[in-house]
Amino acid sequence: MLGMIVNFKEVQELEYLLKREMDELLYDFEDSRIDAVVKRAMEERYDMLFNLYRRIAPPVDCVKYMRQKKKFYP
């Protein structure tokens, strides 16, 4: 297990960076020109960023960035 000591200003900066990156990924998910393989990698990255964001942000703010899992039927 790893730990990190950050002050309030650094937490705000982390929140800002994570939100900005997640917003960009959410925007790119809507782009139909992006290949499915690339979108899968983007989803993995988004999940990792969201998990980091969830650790430092209040639950009310996390709701905005929750994604619905899509069900694929054969």
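I started with Leu18 and looked up what it touches: Leu49, Leu52, Tyr53 and Ile56, leaving out residues up to four places away in sequence. A contact here means heavy atoms within 4.5 Å. This is a predicted model, where local features need pLDDT of at least 70, side-chain atom pairs count only at pLDDT 80 or more, and totals for chains, interfaces and linings use all residues. Residues are numbered from 1 along each chain as its sequence is written, and side-chain values use heavy atoms, with hydrogens and water left out.

Next I asked myself: which residues make up the largest nonpolar core? I found twelve, among them Leu18, Leu49 and Tyr53. Such a core is a set of buried Ala, Val, Leu, Ile, Met, Phe, Trp, Tyr and Cys residues joined through side-chain atoms within 4.5 Å, and buried means under 20% relative accessible area (1.4 Å probe, protein chains only). Helix H1 (8-29) and helix H2 (36-56) each give this core at least two residues. H2 brings the largest share, five residues. In soluble globular proteins, nonpolar side chains tend to be buried together.

Then I checked how much of the protein is buried: 20% of its 74 residues.

Zooming out, I counted three helices and zero strands (helices are DSSP runs of H or I, at least four residues; strands are runs of E, at least two). The radius of gyration, taken over C-alpha atoms, is 14 Å, well over the 11 Å from the globule rule (2.2 Å times the number of residues to the power 0.38), so the protein is more spread out than a compact globule. Its C-alpha atoms fill a box of roughly 45 × 25 × 20 Å along the principal axes.

Notes. Buried < 20%, exposed > 50% of the residue type's maximum accessible area, 1.4 Å probe, protein only.
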